[in-house]
Amino acid sequence: MQSLFSPLPAVSGDAIFALVEAFQNDPTPNKVSLSIGTYFDENGNIPVMHAVRQARDMLAQAGTPHPYLPIPGSAAYRNAARSLVFGTNGPEPDRIVTVQSVGGTGALKVGADLLRRTCPEAAIWVSDPTWENHGQIFRQAGFAVREYPYYDAATATVRFAQMLAALQALPKGSIVVLHASCHNPTGVDLSSEQWEALTGLFERQGLIPFFDLAYQGFGQGLEADAAPIRMMARAGLECLVASSFSKNFSLYGERCGALHIVCHDAAAADRALGQVKSLIRGNYSTPPTFGAALIACVLNDTELRRLWAEELEQMRKRLAGLRTRLSATLAQLTGEADAWQYIEQQQGLFSYLRLNPLQVESLRQEHAVYLLKSGRLCVAGLTDGNIDYVGRAIAAAARR
């Protein structure tokens, strides 16, 4: 008897999670995982941030129940998430719709479904390269997904002139996915001047920006990492923002994110909220309670927020220090200082090494060093104990 699912094509598994599984099954004692986008501490552990631990203890002592949240999520959480993205001088609150989402991925999906209702004929434009899940999310929402120029592998910089020219040619109403900071996978971000030029272009062309803000605080800091979003919002552009607390609160499994929609006026915001609530109700009904309660507790308490921001800044500085050390190690091993300086100029969790897939495969086969075949390396997987070993492995692979 033929199965109901027999006509379906086979789908290969997710490359990142497959690599994680392969790493776990590798018996090599000195193996190193630099694949998945998770912040690890110096001991190779996911840290429990001090402010989060204190908030957890406070909630446990209070014995608060875990009821269903409203469809848009916790009001305390949503207000705090909106303030973190838009600051104190952002658009009027009644012009911004903020809903709690199931992680940043959930925010992207809900936003994609909303845009499909609003502008079904538009195409989605993503950077070349981009986070590999972007294409899947928007295609599953029914959009055609296309690429605009972004990364120059030869110089490890942004192909900004080509990017501007490509976006300039897009029809009005095209939706453009932008990495607000800590570009995934390259770690190469636009400068403030480039963001200003891009904002003017979006105004003239009538393009719709959809920001992915997954790493706020890991680039140049909490305020600077949100600056591109605030710039476009101040310019009067309607835009969408998918933000996430997985990395900057180290709460990966709690799946805490938010979708923010900046509208021209309160009436438009009210209509957008109604549509988003309808989409959420037909999907997962209401978001999870506990992670949102932890985050709201931290962000709405002056002392806990200060403690959290300080620890996040220490994490950011540690990543920058690891970049500098890896760059210096590779320069010393290869005798080519200029060839590795680009690592220091990148930001966030990732470095985009100029290695081809065969060289990356040699890292795994010969040294048990795991990173994506694109050359994306998670800097947070480096430690004092493994960085010299990884450096030697990369130097050997680069000579192949």
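**Figure 1. Helix H4 and the lining of the largest pocket.** H4 (103-118) contributes three residues to the lining of the largest pocket, the most of any contributor. The model shown here and in the other views is predicted. The largest pocket holds about 580 Å³ of space. Its lining numbers 28 residues, and those closest to the centre are Gly37, Thr105, Trp131, Tyr215 and Lys247. Helix H1 (15-25) and helix H5 (132-140) also supply at least two residues each. Sorted by class, the lining has eleven nonpolar, eleven polar and six charged residues.

**Figure 2. Helix H5 and its packing partners.** Buried positions on H5 are Asn133, His134, Gly135, Ile137 and Phe138. These buried residues pack against one helix, H4, and against strands S3 (124-128), S4 (145-149), S7 (175-179) and S8 (208-213). H5 also takes part in the lining of the largest pocket, with at least two residues. Just past the end of H5 comes Gly142, with a positive phi of about 105°.

**Figure 3. Helix H3, from cap to exit.** H3 covers residues 75-86. Its twelve residues should span 16 Å at 1.5 Å a residue, and the end C-alpha atoms are 16 Å apart, so the expected and modelled lengths agree. Buried residues of H3 are Tyr77, Arg78, Ala80, Ala81, Arg82, Leu84, Val85 and Phe86. At the N-terminal end, Ser74 acts as the cap, with a side-chain oxygen 3.4 Å from the backbone nitrogen of Ala76. Just after H3, Gly87 has a positive phi of about 70°.

**Figure 4. Ser74 in the loop before H3.** Ser74 sits in the loop between helix H2 (50-62) and H3. Is Ser74 buried or exposed? Its relative accessible area is 16%, under the 20% cut-off, so Ser74 counts as buried. Besides capping H3 through Ala76, the side chain of Ser74 reaches the backbone nitrogen of Tyr77 at 3.2 Å. Beyond its neighbours within four places in sequence, Ser74 is in contact with Leu69 and Gln100. His183 lies well outside that set of contacts: Ser74 and His183 are 29 Å apart, C-alpha to C-alpha, and 109 residues apart in sequence.

**Figure 5. Gln100 on strand S2.** Gln100 belongs to strand S2 (residues 96-102). Its relative accessible area is 2%, and Gln100 is therefore buried. Which backbone nitrogen does the side chain of Gln100 reach? It is that of Ser74, at 3.0 Å. Not counting residues up to four places away in sequence, Gln100 touches Leu69, Pro72, Gly73, Ser74, Tyr77 and Arg78, among others. Further partners include Gly257, Ala258, Tyr284, Pro287, Pro288 and Ala292. Two of the residues touched by Gln100, Tyr77 and Arg78, are among the buried residues of H3.

**Figure 6. Asn184 and the cis peptide to Pro185.** Asn184 lies in the loop between S7 and helix H7 (192-205). With a relative accessible area of 4%, Asn184 is buried. Its side chain makes a polar contact with the side chain of Arg376 (3.0 Å). Leaving aside neighbours within four places in sequence, Asn184 is in contact with Thr130, Trp131, His179, Tyr215, Phe350 and Arg376. Two of these partners, Trp131 and Tyr215, are listed with the residues closest to the centre of the largest pocket. The peptide bond from Asn184 to Pro185 is cis, with omega near 25°. Pro185 is in the loop between S7 and H7.

**Figure 7. A cis peptide in the loop ahead of H5.** Which peptide bond here is cis, with omega near 5°? It is the bond from Asp128 to Pro129. Pro129 is found in the loop between S3 and H5.

**Figure 8. Two alanines with positive phi.** Ala156 has phi near 55°, a positive value in a residue other than glycine. Its loop runs between strand S5 (151-152) and strand S6 (157-158). Ala156 is buried, at 6% relative accessibility. Ala368 also has a positive phi, of about 55°, without being a glycine. Ala368 is placed in the loop between helix H14 (357-367) and strand S12 (369-370). At 3% relative accessibility, Ala368 counts as buried.

Terms used. Residues are numbered from 1 along each chain as its sequence is written. This is a predicted model: local features need pLDDT of at least 70, side-chain atom pairs count only at pLDDT 80 or more; totals for chains, interfaces and linings use all residues. Side-chain values use heavy atoms; hydrogens and water are left out. On a 1 Å grid over the protein atoms alone, a cavity is a set of points where a 1.4 Å probe fits but cannot get out, and a pocket is an open set with protein on both sides within 12 Å along at least five of seven lines; lining residues have an atom within 4 Å of a point. Grid points are joined across faces, edges and corners, and a volume is the space filled by probe spheres set on the points. Helices (H or I, at least four residues) and strands (E, at least two) are DSSP runs, numbered from the N terminus. Ala, Val, Leu, Ile, Met, Phe, Trp, Tyr, Cys and Pro count as nonpolar, Asp, Glu, Lys and Arg as charged, and the others, Gly among them, as polar. Buried means under 20% relative accessible area, exposed over 50%, partly exposed in between (1.4 Å probe, protein chains only). Contact means heavy atoms within 4.5 Å. The expected span of a helix is 1.5 Å times one less than its number of residues. A polar contact is a pair of N or O atoms within 3.5 Å; within protein, one must be able to donate a hydrogen and the other to accept it, and residues adjacent in sequence count only if both atoms are side-chain atoms.
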